[in-house]
Amino acid sequence: MFAAETLTGPSIPWFTLSPLLALLIGACVLMLGGSLLPQWPRGLYGIVTALSAATSIVLCFFLWDNLSDGRPETIIGDALAFDHFAVLGTISICVAVLLASLTTSDYLVREGEDGPELFVLYLSAAIGGIVMVAAQDLIVLFLGLETLSLALYVLAASNRRREESQEAGLKYFILGGFSSAFFLYGIALIYGATKHTNLGRIMETLSSQQAFPRNDVLLLAGVGLLLVGLAFKVAAVPFQVWTPDVYQGAPTPVTSFMASAGKTAAFAALLRVSVTALESRVDDWRPVVWVLAVLSLVVGSVLAVTQTNVKRMLAYSSISHAGFILLGVEAASHTGSASAADGIASAMTYLLLYTVLVIGTFTIVGLVAGRGDSASNLTDFRGLGRRRPALALALTVFLLAQAGMPLTSGFVAKFGVIRAAVETSSYAIAIIAMLASVIGAFLYLRIMVSAWMEDAEGQDAAPPVPFLSGLAVTAAVAFTLVVGIVPGWLLDATRQVITLAGR
Amino acid sequence: MGQYLPIIVLLVLAILFGALSFLASTLLAPKRPHAAKEAPYECGIVPGREPPQRFPVSFYIVAMLFIMFDIEIIFVYPYAVDREFLGSFAFFEMLAFSAVFFVAFVYVVARGALDWGPVQRAGRIDSSLEGVVSANRTTTSTIRRVGAEGRIEEDQKSAVA
């Protein structure tokens, strides 16, 4: 009954996990301090969150340095991967927490309900996201996915006074529950086909079964279901139906966090699973990704044009951005080509740049929309250029960047994925992406025209810009322009993410 | 297939039992309907209207506590069963888990999860219940008002028959 020897647990490299631990400690401090002490001074919850995210980013830079000397490896009994890819994903998610917590702080003051809960949820969502980015095992990946999703459901419904927020939370919860079930069933089928959940072992098992004809039914069904689960999280067409409603209904800072951290985590997981575990089956999943990418590009860009609510427009634009990132995933699937690795690097760069862009854009939308997120229609942006020139200018920079104008980070991002697609000879999808980009530009132009060229009738009130939001917007604008004008350093750095652990 | 036979037999028996119970109560039970029996709720004080206020349902906080301890037991129980094998590694893991768990517990308690006294706004709700609970209301006076519309009256019933 009793085993003679005792279990020797895997060794735990604490320093490697330090970005996660920094966020966890931040969350615990907020929860304990927030509930035991009386109300903290205004904005302090947000600042503590931002500090723990900043600590995490700094630790990531140290880890990045360590990695550049050593090799990528798997840690904690092959449960997590430690490579540049994971560290870059962690940095993206922490940047999302940092910027979103600054704007959320002002949002809570505006709504008159300051408290630590939202920030704790941000931090735990980020922990889930980082686990997803680094997960080297399908079960660990699912754990991260659920940690991220559960926090996001609550965040979406966090404004108890607005019915739209409740509706968004419920819709997201129900559809997200479905997608999680698909995802888990996919894991079960892949386990059934390969007898492993570890990505490295799955890769070995699959590449040892190269004989033709082979019976892959179980595996392919599993891969399909896995893709459904992840495509739902990244809001790729045809799994995008929740996006407009949820993005519109959720509080604006939460929307920005969902669009940035959620997408980053899910895309990183998608890349790692498909490139590592399913490396020997690229020909099977490439067409699926191709179709998802084309549909997302076209549907996202075209439907955005007809919207009248800016948050909805940006939701559709985020769908089209998902299509662009899928372009990178598609390029990564051409393992025969020398440029396949560029697909991974360009997709991860895109995610980092998009994180900053989308949070900046939504922050400004939130400031204009004001109390209760009530004024987010296109007409509410009229005359913003006269009322708040600086804010309108920042909005213009973000929108131009999202449209992919040169000299902004958006151009670097889009150029990266399209070049990766062209170099792997996926010309058709590259052309579709460029066309979608042109259609999408119309949407951004509409918002800009509304802000600069149309006059407001009876809207003379300039939206107030609190300090922390202003700081976040300024930092995001600076990053967008600096990367747009001098992209070399970032591209050199992200070129290293192509070596995945255990591959 | 033989292994599944007991399950199938049980299934058939369960369906038979349910069907026979319904049949028996239809055949055997005496039927003497009157107004109070046909009311939506046969016993208790007859409500005149829906309580119009929102009132706090703090079950969710109790549910939060329940789920927390539920999750804790899921981790602790296997550890307790096989402590010898799991050794010091698992011991420190459990310690770390308990520490994080304790933070959540402190949070829930600080937010009032254990304040189970009388509901704070009970006074307001009670005072507004006048007219809802009243000795003047009988089954005949209220049931007509709530749910008798469209129902076939006793005399009409006999006329149809």
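**Exercise 1. Work out whether Asp78(A) is buried, partly exposed or exposed, and say what is unusual about its backbone.**

Start with the neighbour count: in this predicted model, Asp78(A) has 18 C-beta neighbours inside 10 Å. Now bring in the cut-offs: buried takes 20 or more, and exposed takes 12 or fewer. Asp78(A) therefore counts as partly exposed.

Next, find its place in the chain. Asp78(A) sits in the loop between strand S1 (73-75) and strand S2 (80-82) of chain A.

Finally, check the backbone. Most residues other than glycine have a negative phi. Asp78(A) isn't a glycine, yet its phi is positive, at about 60 degrees.

**Exercise 2. Do the same for Lys195(A): buried or exposed, and in which loop?**

Count first: Lys195(A) has 10 C-beta neighbours inside 10 Å, so it counts as exposed. Then locate it: the loop holding Lys195(A) runs between helix H6 (163-194) and helix H7 (199-207) of chain A. As for phi, Lys195(A) has a positive value of about 65 degrees, again without being a glycine.

**Exercise 3. Find the cis peptide bond that involves Pro238(A), and place this proline in the fold.**

Keep the background in mind: most peptide bonds are trans. The bond to look at goes from Val237(A) to Pro238(A); its omega is near 5 degrees, and the bond is cis. Pro238(A) belongs to the loop between helix H8 (217-234) and helix H9 (242-249) of chain A.

**Exercise 4. Describe the surroundings of Gly300(A).**

Begin with the element: Gly300(A) is part of helix H11 (residues 282-305) of chain A. Then count neighbours: there are 28 C-beta neighbours inside 10 Å, which means Gly300(A) is buried.

Now list its partners, leaving out residues up to four places away in sequence: Val237(A), Tyr316(A), Ser317(A), Ile319(A), Ser320(A) and Gly323(A). Val237(A), one of these partners, turned up in the last exercise on the cis bond to Pro238(A).

One distance to finish: from Gly300(A) to Leu326(A) there are 26 residues in sequence and 13 Å in space, C-alpha to C-alpha.

**Exercise 5. How do helices H15 and H17 of chain A pack, and which residues meet?**

Take the axes first. Those of H15 (residues 389-403) and H17 (residues 427-452) in chain A come within 9 Å and cross at roughly 170 degrees. Angles over 145 degrees count as roughly antiparallel, so that is the label for H15(A) and H17(A).

Then look at the residues in contact. H15(A) brings a set including Leu395(A), Leu399(A) and Gln402(A), while H17(A) answers with residues including Tyr444(A), Ile447(A) and Trp452(A). Sort the contact by class and you get 10 nonpolar, 3 polar and no charged residues.

**Exercise 6. How many residues does each chain put into the contact between A and B, and what classes does the side of chain A show?**

Chain A gives 11 residues and chain B gives 12. On the side of chain A, 7 are nonpolar, 4 are polar and none are charged. Before leaning on this, note the model's scores: ipTM 0.77 and pTM 0.83.

**Exercise 7. Sketch chain B, then ask where its confidence is lowest and highest.**

For the sketch, draw 7 helices and 0 strands. Buried residues come to 2% of its 161 residues.

For confidence, the mean pLDDT of chain B is 75, with 61% of residues scoring at least 70. Helix H5 (residues 122-127) of chain B is lowest, at a mean of 46, and helix H1 (residues 5-28) of chain B is highest, at 94. Residues 122-127 of chain B stay under 50 throughout, with 2 contacts beyond four places in sequence. Residues 144-149 of chain B are also below 50.

Key:
Residues are numbered from 1 along each chain as its sequence is written. Chains are lettered from A and ligands numbered from 1 in the order in which they are written. This is a predicted model: local features need pLDDT of at least 70, side-chain atom pairs count only at pLDDT 80 or more; totals for chains, interfaces and linings use all residues. Two residues are in contact if their C-beta atoms, placed from the backbone, lie within 7 Å. Ala, Val, Leu, Ile, Met, Phe, Trp, Tyr, Cys and Pro count as nonpolar, Asp, Glu, Lys and Arg as charged, and the others, Gly among them, as polar. Helices (H or I, at least four residues) and strands (E, at least two) are DSSP runs, numbered from the N terminus. Axes are lines fitted to C-alpha atoms, for helices over the stretch in contact, and angles run from 0 to 180 degrees between N-to-C directions. Angles under 35 degrees count as roughly parallel, over 145 as roughly antiparallel, 65 to 115 as roughly perpendicular and the rest as oblique. pLDDT is the predictor's confidence in each residue, from 0 to 100.
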